[in-house]
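Below are some comments on the model, set out as numbered points for a reader who has the coordinates open. They start from a single side chain and move on to cysteines, contacts, surface and charge pairs.

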Amino acid sequence: EKSCDACIDGSTGPAVVFCCTCRHFLCKLCHDNHKRNKLLCHHQIVELDQKSLKLLPSIMKPTEHLCSQPYHEEEELKFFCETCQLLTCRDCTLILHKY
């Protein structure tokens with residue numbers, strides 16, 4: 001049984017989902033908050049049932065080279081924003097960052 005990665009004290013119960021975008025296990029309360037947050041609601045969530053637990057090692061593969069912003073989560077991080085000191089994808093570079 002996995003504990004929630006987002007809770008401060010872990011008192012809300014075990015993790016019920018895994019966020020593939022954030023790479024965090026979430027309890028029911030944190031999952032509900034995740035769904036309600038307009039910046040996080042587009043994240044890819046996997047329920048932690050018996051079937052998905054078997055697939056979890058492949059689901060948890062690192063995605064640090066992919067953008068986490070809504071609508072272009074599959075874009076590769078190829079550019080560096082000098083102002084923010086962050087790697088960015090093509091879309092973020094054109095819309096949000098100086099290059």
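1. His 31 is a buried residue, its relative accessible area being 10%. In this predicted model His 31 sits in helix α1, which spans residues 28-36. When residues up to four places away in sequence are set aside, His 31 touches Val 17, Leu 26, Ile 45 and Glu 47, and these four contacts may be inspected together with the 10% figure, since a relative accessible area under 20% is what counts as buried.

2. How many disulfides does the structure contain? The count comes to zero, and the cysteines deserve a careful look on that account. The cysteine sulfur closest to that of Cys 27 belongs to Cys 7 and is 3.6 Å away, which is too far for a bond, because a disulfide requires the two sulfur atoms to be within 2.5 Å. Cys 89 is likewise in no disulfide, the nearest cysteine sulfur being that of Cys 67, at 3.8 Å. As for accessibility, Cys 27 is buried at 0% relative accessibility, and Cys 89 is buried with a relative accessible area of 0%.

3. Thr 88 belongs to strand β5, residues 86-88, and counts as buried, with 4% relative accessibility. Apart from neighbours within four places in sequence, Thr 88 is in contact with Glu 76, Leu 77, Lys 78, Phe 79, Cys 81, Thr 93 and His 97. One of these partners, Thr 93, also meets Thr 88 through a polar contact between the two side chains, at 2.5 Å. A further pair that can be checked in the coordinates is Thr 88 and His 65, whose C-alpha atoms lie 9.2 Å apart while the residues are separated by 23 positions in sequence.

4. Which residues make the nonpolar surface patch of about 360 Å²? Leu 94, Ile 95 and Leu 96 make it. Ile 95 lies in helix α3, which covers residues 90-95, and Ile 95 counts as exposed because its relative accessibility of 65% is over the 50% cut-off.

5. Turning to the chain as a whole, the secondary structure comprises three helices and five strands, and the order of these elements from the N terminus is β-β-α-β-α-β-β-α. The chain has 99 residues, of which 30% count as buried. Among contacts between residues at least 6 apart in sequence, 28% join residues at least 24 apart. The exposed area of the chain is about 7200 Å², with carbon and sulfur atoms supplying 55% of it.

6. The structure holds four salt bridges, and helix α1 offers a convenient place to begin with them. Side chains of opposite charge can pair when their charged atoms come close. Lys 35 forms a salt bridge with Asp 32, with 3.7 Å between the closest N and O atoms; the two residues are three apart in helix α1, which means that about one helical turn separates them. Lys 35 is partly exposed at 49% relative accessibility, and Asp 32 is also partly exposed, at 24%.

7. Where in the chain do the partners Glu 75 and Arg 90 lie? Their side chains meet in a salt bridge with an N to O distance of 3.6 Å. The pair links distant parts of the chain, with Glu 75 in the loop between α2 (50-59) and β4 (79-81) and Arg 90 in helix α3, 15 residues apart. Glu 75 is partly exposed with a relative accessible area of 25%, and Arg 90 is partly exposed with 42%.

8. Arg 90 forms a salt bridge with Asp 91 as well, where the closest N and O atoms are 3.0 Å apart. Asp 91 is buried, with a relative accessible area of 18%, a value to be read against the cut-off of under 20%. Elsewhere, Lys 28, Asp 32 and Lys 35 are joined into one network by salt bridges that share partners.

Methods. Residues are numbered from 1 along each chain as its sequence is written. This is a predicted model: local features need pLDDT of at least 70, side-chain atom pairs count only at pLDDT 80 or more; totals for chains, interfaces and linings use all residues. Side-chain values use heavy atoms; hydrogens and water are left out. Helices (H or I, at least four residues) and strands (E, at least two) are DSSP runs, numbered from the N terminus. Buried means under 20% relative accessible area, exposed over 50%, partly exposed in between (1.4 Å probe, protein chains only). Contact means heavy atoms within 4.5 Å. A polar contact is a pair of N or O atoms within 3.5 Å; within protein, one must be able to donate a hydrogen and the other to accept it, and residues adjacent in sequence count only if both atoms are side-chain atoms. Patches are made of residues with over 30% relative accessible area and no salt bridge: like charges are joined within 9 Å, nonpolar side chains (Val, Leu, Ile, Met, Phe, Trp, Tyr) within 5 Å. Accessible areas come from the Shrake-Rupley method with a 1.4 Å probe; for residues, only the protein chains shown count as cover.
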